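Reader: I should like to understand how the descriptive words used for a protein model are justified. Could the structure be shown, so that each term may be examined in turn?

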Amino acid sequence: MSPNPDSTPNSNSNSNPNPNPSSVPLLPTPKRLTLGTGRTRIGREIVLTLDPVFGELAGIVRSELEHLGVKTIREAAGASNASDASDASNAPNAVSLSVLGRGEMPEPIERELSGQDYPEQSYALLSEAGRLTVYALDRKGALNGIATVHQLIEGASGGEIPDLSIVDGPDIERRIVSPTLTWYAGFARAGFGTQLWDGDRWRVFVDWCFRHKINALNVVMYGFWPFEFPEYSDTTLRDLRMETWSPEIGDWVEVRFTHPNLRKPFLEDLIRYANERGIEVYAYIGMNSYSGGYPVVHPESRSVLSPELVAAGHVNNYDSLCTSREDVRRYLIASVRRIEEIGFDGLVFEESEEVQWFCQCSECQRKYGHLPPNEAKHSVTVELLEEYAKALKPETLIGIRWLREPPIVKDRERLAAWNARLPSRAKLFWAPGLEDDDREFLKWVDVFGPERIWSRNCEGSGFAASLGRIPYLIPDTFPEELRNYAFQHLWNDIAQFQGAVNTKCAAINGYGFEWYGHELYFMATAQFGWDCWRFDRDGFLAHASRHLHGEENGARYERLIRSVPCIHETQICPTLPSFPFMPNKYVGPEGLAYLERSAEAAERALRELDEMERAGLGNAVRRENAEATRIMVRRMKEAAEAGIAFNRFLAERDGEGDRGRMKRHADEALRHAEEDYRIVKEHYFDTKAHDWTGVPIGEYYIPMVVNEYRKTFAASLGDEYAPDDSVPYMVGGESLPWEWLLEWGPKIAAAKPLAAARPNAAPAGTPAGRSEAP
Ligand SMILES: [Zn+2]
């Protein structure tokens with residue numbers, strides 16, 4: 001087997017990483033790898049020797065090996081607390097694994113590790129003649145070496161790993177992903193995906209992050225708090241009334257949802273578990289919007305809209321709290337203290353996305369009334385961060401996502417003024433993406449300093465989540481007119497990661513709002529923060545697909561991802577409002593032709609998934625990826641078919657107007673739209689639109705599509721197709737404040753990733769320090 005197939009000389013990562021057919025490629029790829037000729041067979045037992053300086057890692061090494069079905073049979077002093085340790089003489093042929101520190105390290109290796117960009121995270125790994133040795137200067141490096149050992153053994157072909165030598169370390173200090181623990185919970189939604197996980201499942205995810213060298217999680221908690229909060233117990237996500245679909249009876253049933261961490265608390269243990277593995281955990285929460293359940297339980301505490309603003313159509317859709325209120329300040333301070341008490345290593349705040357108005361209460365007007373709404377918002381941010389900095393321990397990280405509103409290109413002096421007002425310990429968890437050919441990002445790097453920039457506008461999987469869990473991955477299948485609005489996707493995330501690494505920012509942070517079927521986003525953070533220049537985006541997709549699914553199925557998965565259509569249901573209905581990032585409608589001859597191609601592509605993708613299943617999916621991550629992908633693809637097929645039939649109805653109505661044919665097309669459109677909704681309802685827990693906040697909101701617009709279709713059909717075919725007046729009409733949910741993207745979309749879509757340009761770089765796929773197999 002070849003653990004890093006891309007290390008063979010002259011391989012071309014742009015088109016094909018050329019892996020050995022029986023291998024699972026490492027991800028992230030190691031910086032320098034040299035393959036030998038021999039092989040080591042990994043049996044059921046490994047003799048473990050830990051340098052006493054790494055004694056505390058014994059439990060982690062043991063559990064990593066046990067996960068692979070390998071038992072540890074001896075541990076050296078400093079780590080000999082294993083009660084099941086038996087004598088190595090019982091297994092004279094067992095492979096040995098040693099994890100050694102500075103004192104036990106050959107001088108040339110120590111020199112090489114010290115020369116890495118981040119020596120404390122770097123490691124060397126030697127595998128030869130039945131002996132595996134990890135060398136590291138620090139426990140962080142030792143953990144990274146152990147993670148590579150895990151990937152090597154897990155991917156071992158025929159139970160054998162090749163002789164090899166690796167010297168490895170990251171390209172950026174922190175590689176962060178942002179998964180969701182709650183997301184608008186109790187406001188617009190109840191929970192989906194990772195938000196339904198209990199502690200055991202979260203541990204599996206932390207293990208995945210550890211094995212992929214992700215070293216921080218920025219865990220989203222939007223909405224009712226998913227933790228016990230005795231002082232404000234009514235703001236926690238307990239007994240939330242909601243409806244979920246029951247396939248058994250084919251109807252909705254009312255249930256009460258309590259967040260898994262409130263049923264059986266796991267957060268404190270999980271954070272400790274992650275910390276032990278070198279992973280920091282931050283809480284990513286609203287600054288003063290969606291901050292626990294307070295705005296719902298105490299609606300009088302929300303920001304106030306003047307009658308004029310209400311008359312102009314504004315709503316407090318973002319449920320921001322009025323920060324001039326004493327009770328609100330007390331509550332917010334108590335909240336951040338409580339979060340720190342749970343054990344989070346930091347708090348990252350996001351400003352409300354409202355860009356058009358600021359609280360109109362008399363006190364806010366007195367304090368901020370002279371400022372434009374966004375300037376008022378940023379002033380409050382500075383005030384609150386100063387208070388939080390006093391309330392939190394000095395070592396607790398404080399992050400902020402702010403200044404995200406238009407104009408995208410900001411005045412340098414304004415940015416410098418905000419930089420000066422921001423408390424010195426606060427880090428930026430948002431900086432521009434590719435806007436303005438990255439020139440705005442480079443301006444931020446200059447003004448704020450790269451050490452202060454921990455994240456950019458990398459929201460690819462956030463788009464997938466807000467669009468109802470569609471396969472929003474790469475824009476390659478989008479029609480030309482949509483490409484102008486598609487800029488938060490995997491390709492864009494990758495270009496931003498490269499720009500951040502190139503400008504020496506402190507961290508990259510990729511959204512991980514969707515796990516199921518969106519693992520590529522997580523793998524991109526892992527790869528481009530570690531071995532950033534190994535692949536261009538196509539090389540990455542090829543490699544990551546094989547890392548996830550193995551050689552044979554990986555090739556199928558790659559083909560699937562490159563061709564699977566991505567359609568949001570509002571796009572097959574001309575009378576529904578659009579998302580600003582999916583504004584085009586598939587109607588008329590061109591739209592119809594696109595939908596027909598999409599239906600065929602979805603059909604082909606389903607056949608690829610069938611083939612993958614026949615070949616065998618293997619581990620749980622592969623199975624859940626394939627299952628989630630199948631659900632998405634089936635949806636895309638039904639959405640395309642519904643749109644095709646609707647287009648045919650319109651053509652018949654506007655042409656010959658044959659009533660029989662019109663009825664057939666109408667029935668066909670409704671059948672596919674209903675099937676689309678059935679797939680969603682039966683596979684996802686939380687699919688009904690919510691309107692208890694006063695603004696109907698949800699991820700799934702299919703009931704509205706059905707109703708709009710019915711209106712159209714009823715006008716020609718009569719009451720048989722009458723719409724259902726009880727279906728709530730949604731206006732675009734949290735995408736409302738992003739209308740300005742319509743103007744900027746084409747510019748961003750055409751933006752060049754200037755920040756990622758490396759003047760003296762080798763061509764893509766042949767980075768300096770690239771290894772060669774003997
Ligand atoms: Zn106010």
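Author: The turns below take up the whole chain, a sheet, a pair of helices and one loop residue. Please note that this is a predicted model.

Reader: How do you know that the overall dimensions of the protein chain agree with those of a compact globule?

Author: A compact globule of 774 residues would have a radius of gyration near 28 Å, and the protein chain has 27 Å, so the two agree. The C-alpha atoms fill a box of roughly 85 × 65 × 55 Å along the principal axes. Within the protein chain there are 23 helices and 16 strands.

Reader: What share of the residues counts as buried, and what share of the contacts joins residues at least 24 apart?

Author: Of the 774 residues, 52% count as buried. A residue earns that word if 20 or more other C-beta atoms lie within 10 Å of its own. As for contacts between residues at least 6 apart in sequence, 76% join residues at least 24 apart.

Reader: What makes β1 and β3 edge strands?

Author: The open sheet has seven strands in the order β1-β7-β5-β6-β4-β2-β3. The strands β1 (32–41) and β3 (71–74) each pair on one side only, and they are the edge strands. From one strand to the next, the twist averages 25°.

Reader: Which strand pairs show that the pairing is mixed?

Author: Strands of a sheet pair through backbone hydrogen bonds, either parallel or antiparallel. Here β1 and β7 (residues 160–168) run antiparallel and are joined by seven bridges; Leu35 stands opposite Leu164 in β7. By contrast, β2 (residues 45–50) pairs with β4 in the parallel sense over five bridges, and Leu50 has Val99 of β4 as its bridge partner. Strands β4 and β6 also run parallel, again with five bridges, and Leu100 is partnered by Tyr135 in β6.

Reader: Which helices lie on this sheet, and at what angles?

Author: Helix α2 (residues 107–114) lies across β5 (123–128), β6 (131–136) and β7, at about 140° to β5. Helix α3 (residues 139–154) packs on the sheet and touches β4 (95–100), β5, β6 and β7, its direction making about 150° with that of β6.

Reader: Why is α21 called roughly antiparallel to α22?

Author: Two packed helices are described by the angle between their axes and the distance between the axes. The axes of α21 (residues 659–683) and α22 (residues 702–717) come within 10 Å and cross at roughly 170°. Angles over 145 degrees count as roughly antiparallel, and α21 is therefore roughly antiparallel to α22.

Reader: Which residues meet there, and how do they divide into nonpolar, polar and charged?

Author: Residues of α21, including Met662, Ala666, Leu670 and Tyr677, meet residues of α22, among them Ile702, Val706, Tyr709 and Phe713. The residues of this contact divide into 14 nonpolar, one polar and three charged.

Reader: Why is Pro583 called partly exposed?

Author: Pro583 is found in the loop between α18 (537–563) and α19 (588–615). Buried requires 20 or more neighbours within 10 Å and exposed requires 12 or fewer. Pro583 has 18 C-beta neighbours inside 10 Å, and therefore counts as partly exposed.

Reader: Which residues does Pro583 touch, not counting those up to four places away in sequence?

Author: Pro583 touches Tyr485, Ser578 and Leu742. Although Pro583 and Leu742 are 159 residues apart in sequence, their C-alpha atoms are 8.0 Å apart in space.

Technical notes:
Residues numbered from 1 in each chain as written. Predicted model: local features only at pLDDT ≥ 70, side-chain atom pairs only at ≥ 80, totals over all residues. Helix = DSSP H or I, 4+ residues; strand = E, 2+ residues; numbered from the N terminus. Rg over C-alpha atoms; globule rule 2.2 N^0.38 Å. Contact = placed C-beta atoms within 7 Å. Pairing = 2+ DSSP bridges. Axes fitted to C-alpha atoms, helices over the stretch in contact; angles between N-to-C directions. Parallel < 35°, antiparallel > 145°, perpendicular 65-115°, else oblique. Nonpolar A, V, L, I, M, F, W, Y, C, P; charged D, E, K, R; others polar.
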